[in-house]
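Colleague: I am new to this structure and would like to go through it slowly, asking at each step what a given word rests on. Could we look at it together?

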Amino acid sequence: MAQNSSRAIGRHHLHIPGPTPVPDRILRAIDTPIIDHRGPEFAKLAKRCLEGIKTIFKTANPVIIYTATGTGAWEAALANTMSPGDRIIMVETGQFGTLWKNMAKKLGLKPEFIHTDWRHPADPAAIEAKLKDDKNKEIKAVCVLHNETSTGTLSDIAAIRKAIDAAGHPALLFVDTISSLASTDYRHDEWGVDVTVGGSQKGLMLPPGMSFNAVSDKALAAAKTAKLPKSFWSWDDMITMNKSGFFPYTPATNMLQGLAVAIDMLHEEGLDNVFARHGRLAEATRRAVKHWGLDIICADPKAYSPTLTAVLTPDGVDADAFRALALEHFNIAYGASFGRFAGKMFRIGHLGDINDGDLLGGLAITEMALSLANVPHKKGGVQVAMDYLTSAHGGAARRAAE
Ligand SMILES: *Cc1c(COP(=O)(O)O)cnc(C)c1O
């Protein structure tokens, strides 16, 4: 280590956009003796999780919980509802949009990819146009990412729903919320989403290894006739057994212990406060980045991600070398660069169990690392972030005093 020590001192600064730091209270909830997953204590825990998670997705319908990473829940969404050769629309918002599209191909579907420059969100008008072109109504689903984690763009799901309705098209709407759920406003039922895919390790503040499908009645009906093979992912057995608080196979018992507490913590803070906090931290980050004179990958301010900021490094600066240097000297991890922006960006995660001071630590380290790496920038971005955060609190303090 640069500090000439074999021991890392203090906490690792985990500023990747997931997995995110797990709060001590959740770690303690997970660190409990294993219980019988066919016993009464487990049924109580499972029912608490299965009911509680609905309040996070904002749905009255079942939410299926998988022992799998988010990628598994992607596959579950498609495998339960689609048949071989089905045409679907997917959007190339970035690396994750591309990976989901590649998966659809491997599963035997025919994804039609709407391309972007990786700097813009999914365009509702482009989706509407594609659906209007589909005179025989063969397209079975529209799949979009709420938050594209590789670039930091947030798509407007309510507007995409409206676009599908405006085209008068029966396609299902599938939304990946893996890096937005429990960090920014999301409404499965109200926005008419048919399958919402979620994961444990980002806004939900849990370790990786658990993922979700929230479903609509229309998706459940589609599952009755869908012909893609599925077994582990089958919604049917899950929904049937979940009714009594059990699972068809051994669930991740201790992850469920953590999930129950994560849901409690989100409601103790209040979901709207959680969303406001993420909005504030994201704005502070962007103000620092702009002051440094660096570009944000997302080129549409209306689509700025509330959970991460992807920063373009100036020409001639190897972003991966910058990340390595910052890790070596300051024990910080940023999100890696992908695809079109390989070697040209680093991503600052600001989601999950993170407060103003945590963020400022990350921004101060970033400003030091920019200097150390001789990346041209204007000093004082951290001060700008501090001023913004102070004023955001000042408003609240004044209101409290009145
Ligand atoms: C993290 C992430 C994934 C992948 O999830 P895994 O848990 O790594 O399988 C998919 N989509 C989005 C938007 C993500 O942020």
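Colleague: Where in the chain is the place of Ile160?

Modeller: Ile160 is placed in helix 6, which covers residues 157–166, and I should say at once that this is a predicted model.

Colleague: What makes Ile160 count as buried or exposed?

Modeller: The relative accessible area of Ile160 is 0%, and because buried means under 20%, Ile160 is called buried. In space, Ile160 and Ala122 are 8.3 Å apart from C-alpha to C-alpha, although 38 residues separate them in sequence.

Colleague: How do you know that Lys44 is buried or exposed?

Modeller: Lys44, which lies in helix 2 (residues 40–57), has 67% relative accessibility, and since exposed means over 50%, Lys44 counts as exposed. Lys44 and Pro306 are 262 residues apart in sequence, and their C-alpha atoms are 34 Å apart in space.

Colleague: What makes Ile9 count as buried or exposed?

Modeller: Ile9 is found in the segment before strand 1, and its relative accessibility is 57%; the cut-off for exposed is over 50%, so Ile9 counts as exposed. The C-alpha atoms of Ile9 and Asn331 are 8.8 Å apart in space, while the two positions lie 322 residues apart in sequence terms.

Colleague: Why is Asn331 called buried?

Modeller: Asn331 has a relative accessible area of 13%, and because the limit for buried is under 20%, the word buried applies to Asn331. Asn331 sits in the loop between helix 11 and strand 13, and its phi is near 55°, which is a positive value in a residue other than glycine.

Colleague: Why is Lys137 called partly exposed?

Modeller: The relative accessible area of Lys137 is 38%, and because partly exposed covers what is in between under 20% and over 50%, Lys137 is given that name. Lys137 belongs to the loop between helix 5 (124–133) and strand 5 (139–145), and for this residue, which is other than glycine, phi has a positive value near 50°.

Colleague: Which peptide bond is cis, and what is its omega?

Modeller: The bond from Gly18 to Pro19 is cis, with omega near -5°, and Pro19 is in the loop between strand 1 (13–15) and helix 1 (24–30).

Colleague: How many aromatic pairs are found in the whole structure?

Modeller: The search finds 12 aromatic pairs, and among them is the pair of Trp74 and Trp100, with 5.6 Å centre to centre and 10° between the planes. Since centres within 6.5 Å make a pair and planes under 30 degrees apart count as stacked, this pair is called stacked. Trp74 lies in helix 3 (residues 70–81) and Trp100 in helix 4 (residues 95–106), so the pair ties together parts that are 26 residues apart in sequence. Trp74 and Trp100 are both buried.

Colleague: Why is the pair of Phe322 and Tyr334 called stacked?

Modeller: The ring centres of Phe322 and Tyr334 are 5.9 Å apart and the planes are at 20°; with limits of 6.5 Å for the centres and under 30 degrees for the planes, the pair is therefore stacked. Phe322 is in helix 11 (residues 319–330) and Tyr334 in strand 13 (residues 332–334), so that this pair links distant parts of the chain, 12 residues apart. Both Phe322 and Tyr334 are buried.

Colleague: What makes Lys101 a residue that lies over the face of Phe113?

Modeller: Lys101 is at 4.8 Å from the ring centre of Phe113, and the distance limit is within 6 Å, joined to a limit of within 35 degrees of the ring normal. The charged end of Lys202 likewise sits over the ring of Phe96, 5.5 Å from its centre.

Colleague: Which residues come nearest to the ligand?

Modeller: Of the 13 residues around the ligand, Thr69, Thr71, Thr149, Asp176 and Lys202 come nearest.

Colleague: What makes the approach of Lys202 to the ligand a polar contact?

Modeller: An N or O atom in the side chain of Lys202 is 2.6 Å from an oxygen atom of the ligand, and because a polar contact is a pair of N or O atoms within 3.5 Å, the name fits this pair. A polar side-chain atom of Asp176 lies 2.7 Å from a nitrogen atom of the ligand.

Conventions:
Residues are numbered from 1 along each chain as its sequence is written. This is a predicted model: local features need pLDDT of at least 70, side-chain atom pairs count only at pLDDT 80 or more; totals for chains, interfaces and linings use all residues. Side-chain values use heavy atoms; hydrogens and water are left out. Rings of Phe, Tyr and Trp (its six-membered ring) pair if their centres lie within 6.5 Å; planes under 30 degrees apart count as stacked, over 60 as edge-to-face and the rest as tilted. Helices (H or I, at least four residues) and strands (E, at least two) are DSSP runs, numbered from the N terminus. Buried means under 20% relative accessible area, exposed over 50%, partly exposed in between (1.4 Å probe, protein chains only). A residue is near a molecule or strand if one of its heavy atoms lies within 4 Å of it. A polar contact is a pair of N or O atoms within 3.5 Å; within protein, one must be able to donate a hydrogen and the other to accept it, and residues adjacent in sequence count only if both atoms are side-chain atoms.
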